Amino acid sequence: MLDIENLSRSFNGRAVLRGISLRLKPGEYVAITGESGVGKSTLLNLIAGLDRPDSGRLALDGTDYADLNEDALTRLRRDRLGFVFQAFHILPHLSLLQNVALPLWLKGRQGAAADRPAQQLLEAVGLGDRAGSWPRELSGGEMQRVAIARALVHGPRLVLADEPTGNLDPANGAKVLTLLGERIRGAGAIGILVTHSREAAAGADRVLRLTSEGLIG
Amino acid sequence: MSLAPVFVGSLARRRVATLFSFAAVVLGVALGMGVHAVHEAALSEFGRGLRAMAGEADLQVVGPRAGFDEGLYALLAARPEVAEASPVVEVDAKLVGKEETLQVLGLDPLALARVTPALLARPAAMPEGSAGPDRFAVLAEDRIFLSAAAQTALGVKTSDRLRLQVGTQDLTLLVAGDLPGVSEQRRLAVMDIAAVQQHFARLGRLTRIDLRLAEAVPPEAAQAQLQALLPAGVLVEAPQATEDQAANLSRAYRVNLTLLAAMALLTGGFLVFSAQALSVVRRHTEFAFLRAIGLSRRSLFAWLVTEGALVGLAGGLVGVALGHGLAWGLLTVLGGDLGAGYFSGLQPQLQFQPGVTALYVLLGVLAGAAGAWLPAREAARVSPAQALKAGNEVALLGGHGHPGLGATLLAASLAACWIPPVNGIPLGGYLAIACLLAGGLMVLPAAAAGIAWLLPQRGPVPARLAAARLGAAPGHAVVAAAGVLTSVALASAMAIMVASFRDSVDQWLGQVLPADLYLRAGPAQISGYLDADMQARISAVPGVGRVSFTRHEGLRLAPGQAPVALIARPVSPDGSELPLVGTVQPGGSEPAIWISEAMQDLYGWRPGQRVDLPLAGRPVPVHVAGVWRDYSRQTGAVMINLAAYRRLTGDPVANDAAVTLAQGALANRVAEALTATGDPGALTIAYPGEIRAISLRIFDRTFAVTYLLEAVAVLIGLAGVAASFAALAAARRPEFGMLRHLGLTRRQIGWMLAQEGALAAGVGVLGGLLAGGAIGLVLIEVVNRQSFHWSMDLHVPVGSLSLFASGLVALAALAAVLAGRQAMRQDAVLAVREDW
């Protein structure tokens with residue numbers, strides 16, 4: 001369960017977020033839309049533990065984390081969060097298998113204990129036969145599929161996707177979104193998709209719109 | 001289209017990397033310019049002095065240091081080829097109580113005026129009340145005339161007394177005037193020739209005859225005709241020959257120093273390479289856009305090379321200015337020979353040479369352009385579509401290098417070692433060094449990939465990520481480590497060569513200084529000597545067990561070559577007490593000689609060979625019994641048994657003595673007694689330990705400039721690592737941000753950077769040590785042998801090299817972390833967002 005209560009954040013005296021509240025259950029996949037500058041990235045950073053709110057509560061599976069220190073937040077991200085970025089951010093000097101296994105390495109798993117789950121996720125995203133390939137050999141859509149696999153390999157409770165189709169053509173973007181939704185639901189995780197695109201948001205279970213008055217939807 | 005703001009402007013955007021490259025080029029150019037300016041000033045002053053002394057002379061007749069029969073003067077003066085002849089007796093006179101010497105020329109003032117008028121003395125008015133200058137003072141046997149520089153250096157003026165040492169006796173002369181025609185920087189004295197012959201035991205001897213040829217007589221023809229009239233060991237040379245000999249003698253040292261300065265420039269070139277390679281990676285999308293809208297490959301290549309050339313131009317301009325300042329400082333502190341001793345006593349003046357200065361600026365430009373060449377070529381080859389693809393930075397970093405070409409260059413270096421010297425310059429050796437460096441760099445990426453493959457596949461995440469990066473992007477190792485490899489290779493090569501040389505000199509000193517005490521009346525071939533009577537008195541001093549006397553002479557063996565040292569001393573038939581090199585070839589009835597290694601290289605003499613040695617004006621057949629190592633002379637030395645020498649020449653004099661104490665005798669007491677056998681200050685005593693310490697001090701001083709250049713090269717290499725990692729870290733901020741998202745702590749990213757830095761530097765250090773070892777061997781076996789004609793035993797300072805290597809790797813790791821610190825800040829986490 002993700003609990004967000006009365007979250008507020010200001011920058012230089014300007015209130016960007018005011019009284020944001022949201023509760024999501026495992027398996028729920030929501031999209032957050034809004035105009036540019038309304039605070040979507042700020043909200044995402046707060047949920048990801050990359051920023052601290054001025055006030056309010058953030059809790060994931062009962063763990064309050066708005067006031068955790070940096071090390072604790074790092075562990076939280078390592079253990080319970082997964083990320084999919086617009087620019088993929090696949091490491092060019094690691095093979096596809098290694099890129100997917102990376103979150104498991106961070107949790108101390110080595111050898112087959114990391115490689116087997118990573119291979120399974122690669123197969124789940126349709127790239128199982130290319131585990132030894134390098135990122136430069138992939139198309140944009142394929143790289144984003146690797147990113148999705150990496151985001152889910154360690155069994156996160158919460159997956160955050162920031163414009164995951166921003167660098168993809170509509171056909172590939174649609175495939176990626178479908179895959180993302182399936183995998184998040186299949187893993188029983190909570191998924192939050194931040195996007196400008198109504199078409200992208202349509203694949204979510206619920207579409208929330210962030211405005212200056214708060215989250216609507 | 002004018003794209004200067006696009007390309008040149010990028011230099012300003014990456015200020016740190018540009019600054020490091022600029023600084024390296026400045027240093028390289030400044031050091032090279034400084035060394036060149038100093039030596040040119042010294043050579044120029046030396047040559048000017050020689051030319052002034054040669055005056056109108058077309059040819060000069062020279063012979064052994066002790067001189068030749070003065071009857072040759074009349075013979076040559078009567079020749080139809082000769083218009084005028086001026087006899088000279090040249091003596092290096094020791095000053096009483098000092099180790100300093102004064103060059104004294106004994107001249108005939110009547111003949112002098114028509115051949116070398118610059119040496120005419122100017123008598124001054126004596127304070128005894130005479131109405132004007134004593135015009136006959138130039139012929140007086142007790143008058144001496146000093147140049148302005150000599151008067152200043154010796155602290156004397158006209159009408160003062162000057163005490164010189166002859167044998168072990170004092171000779172007091174009156175300073176009667178000066179030499180207005182001699183340059184202000186030259187220390188020189190002139191006396192009447194008969195007075196010099198009388199006082200300095202040169203009766204019936206001359207050391208030089210200056211000849212002015214009759215009109216329309218070609219000097220070459222006259223040289224050949226006159227040479228045929230002269231006895232063995234007396235040669236006819238052009239006045240230029242002495243200047244050329246000095247230039248040749250110092251050339252190898254100058255070239256080696258200049259080469260060392262080139263190290264800094266080379267390292268600067270590699271810094272430009274690193275900076276440009278990284279810049280190309282960071283700007284690959286920018287180039288792709290420009291190519292897409294119509295910029296040709298050739299233009300892109302040209303602009304990128306121009307960026308490097310501009311850094312080189314700026315560095316070159318500042319470098320030459322700094323170089324002239326450095327030259328002024330070096331002249332003041334180390335002298336015109338930078339401590340090597342070739343031009344002692346000169347006070348050279350720094351001269352600005354526009355042509356040479358422009359050449360060094362051009363060298364800076366070339367270093368910058370050369371450094372930028374390879375990245376520019378790689379950038380121009382990448383297709384725009386490929387460049388726009390994310391994840392392709394690995395390919396843009398040069399892949400796995402050119403191992404095949406690298407191996408070919410390494411093999412070529414071996415072949416280059418066999419190339420003989422050209423004009424005494426070991427070009428083959430330098431070519432071998434260049435091939436070793438270039439080959440090492442070419443194989444570096446493959447070596448990096450190989451090392452990465454050997455690293456463990458398990459372990460902490462930062463180590464795995466660092467190893468994965470090295471294996472997948474070995475070109476990155478080249479970019480970061482090229483400067484390290486170059487500077488480590490050259491520094492370790494020099495360290496091995498200097499350690500080997502010093503160790504060999506130290507051992508050699510132990511072999512050539514076996515006695516308990518050494519006594520001399522003055523430096524070799526100077527006016528101080530030990531006559532037969534003094535030798536007997538020395539041998540009779542209580543406490544003296546055994547005395548070995550040595551006589552030093554100088555022989556002229558071939559025109560255009562510097563005189564060869566002749567050392568006459570007790571030598572056993574098998575030469576076992578000498579620092580021999582190679583086998584001994586016992587001879588037949590002829591006297592045996594032992595030649596230095598330089599004699600093999602310069603004259604082609606070999607053990608077992610029968611040669612003629614010009615002694616006492618005639619060719620004496622001798623047998624070359626063996627070769628010994630001589631670190632004192634580059635121009636060659638011949639050792640002969642003293643008894644054989646005296647039998648052949650009738651010369652009873654000695655210059656120094658090696659004293660072995662009797663059982664139970666105290667060294668200091670015997671030394672005091674020996675000193676008392678001569679006039680106060682006439683004899684100097686030295687202990688082997690003192691001689692050894694002084695010799696090694698001179699050695700260290702000679703290499704002081706070398707040590708400085710080594711340190712500079714290493715610092716520049718290290719700076720290159722820091723600059724490379726700073727640039728890479730800035731480009732990798734999104735990667736670090738992503739890793740932070742995944743859960744790597746800042747400390748873990750710091751460790752990853754440290755290990756990447758250590759791996760890259762480690763690859764560079766390992767490659768540098770291997771290349772450095774090979775280059776050290778080339779320096780020892782080829783460069784030194786061909787430049788200075790001496791061999792040395794290999795001595796690798798393993799301890800200090802290990803410490804140096806590990807320290808460098810640690811510093812590089814630290815530099816990588818510090819450079820990447822900026823990239824690990826909190827907001828770097830947000831660098832993953834496209835709209836940030």
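Chain B holds 26 helices and 22 strands. The model is predicted. The exercises below work through chain B, then chain A.

**Exercise 1. State how confident the prediction is, for chain B and for the model as a whole.**

Solution.
- Step 1: take chain B. Its mean pLDDT is 84.
- Step 2: check the spread. In chain B, 89% of residues reach 70 or more.
- Step 3: turn to the model scores. The ipTM is 0.78 and the pTM is 0.77.

**Exercise 2. Locate B:Ser413, then decide whether B:Ser413 is buried or exposed.**

Solution.
- Step 1: find the element. B:Ser413 sits in helix H14 of chain B, which covers residues 403-416.
- Step 2: read the accessibility. The relative accessible area of B:Ser413 is 6%.
- Step 3: apply the cut-off. Buried means under 20%. B:Ser413 is therefore buried.
- Step 4: list the contacts. Leaving out residues up to four places away in sequence, B:Ser413 touches B:Ala432, B:Cys435 and B:Leu436.

**Exercise 3. Identify the residues of the nonpolar surface patch that includes B:Leu362, and classify B:Leu362 by accessibility.**

Solution.
- Step 1: name the members. B:Leu359, B:Leu362, B:Leu363 and B:Leu366 make the patch.
- Step 2: give the area. The patch covers about 350 Å².
- Step 3: place B:Leu362. This leucine lies in helix H11 of chain B, residues 354-381.
- Step 4: classify B:Leu362. Its relative accessibility is 44%. Partly exposed lies between the 20% and 50% cut-offs, so B:Leu362 counts as partly exposed.

**Exercise 4. B:Ala216 and B:His789 each have a positive phi. Find the loop that holds each residue, and say whether each is buried or exposed.**

Solution.
- Step 1: read the angle of B:Ala216. Phi is near 70 degrees, a positive value in a residue other than glycine.
- Step 2: place B:Ala216. The loop runs between strand S11 (208-213) and helix H7 (219-227) of chain B.
- Step 3: classify B:Ala216. At 79% relative accessibility, B:Ala216 is exposed, because the cut-off for exposed is over 50%.
- Step 4: read the angle of B:His789. Phi is near 65 degrees, again positive in a residue that is not glycine.
- Step 5: place B:His789. The loop joins helix H25 (746-788) and helix H26 (798-821) of chain B.
- Step 6: classify B:His789. Its relative accessible area is 14%, so B:His789 is buried.

**Exercise 5. Describe chain B as a whole: burial, contacts and surface.**

Solution.
- Step 1: burial. Chain B has 836 residues, and 54% of them count as buried.
- Step 2: contacts. Take those between residues at least 6 apart in sequence. Of these, 81% join residues at least 24 apart.
- Step 3: surface. The accessible surface is about 33100 Å², with 62% belonging to carbon and sulfur atoms.

**Exercise 6. Test chain A against the radius of gyration of a compact globule, then complete its description.**

Solution.
- Step 1: set the expectation. For 217 residues, a compact globule would have a radius of gyration near 17 Å.
- Step 2: compare. Chain A has 17 Å, so the values agree.
- Step 3: give the box. Along the principal axes, the C-alpha atoms of chain A fill roughly 50 × 35 × 30 Å.
- Step 4: list the elements. Chain A has seven helices and ten strands.
- Step 5: add burial. In chain A, 58% of the 217 residues count as buried.
- Step 6: add contacts. Among chain A contacts with a separation of 6 or more, 69% come from residues 24 or more positions apart.
- Step 7: finish with surface. Chain A exposes about 8600 Å² of accessible surface, 45% of which belongs to carbon and sulfur atoms.

Technical notes: Residues are numbered from 1 along each chain as its sequence is written. Chains are lettered from A and ligands numbered from 1 in the order in which they are written. This is a predicted model: local features need pLDDT of at least 70, side-chain atom pairs count only at pLDDT 80 or more; totals for chains, interfaces and linings use all residues. Side-chain values use heavy atoms; hydrogens and water are left out. Helices (H or I, at least four residues) and strands (E, at least two) are DSSP runs, numbered from the N terminus. Buried means under 20% relative accessible area, exposed over 50%, partly exposed in between (1.4 Å probe, protein chains only). Contact means heavy atoms within 4.5 Å. pLDDT is the predictor's confidence in each residue, from 0 to 100. Patches are made of residues with over 30% relative accessible area and no salt bridge: like charges are joined within 9 Å, nonpolar side chains (Val, Leu, Ile, Met, Phe, Trp, Tyr) within 5 Å. Accessible areas come from the Shrake-Rupley method with a 1.4 Å probe; for residues, only the protein chains shown count as cover. A salt bridge is a side-chain nitrogen of Lys or Arg within 4 Å of a carboxyl oxygen of Asp or Glu. The radius of gyration is taken over C-alpha atoms; the globule rule is 2.2 Å times the number of residues to the power 0.38.
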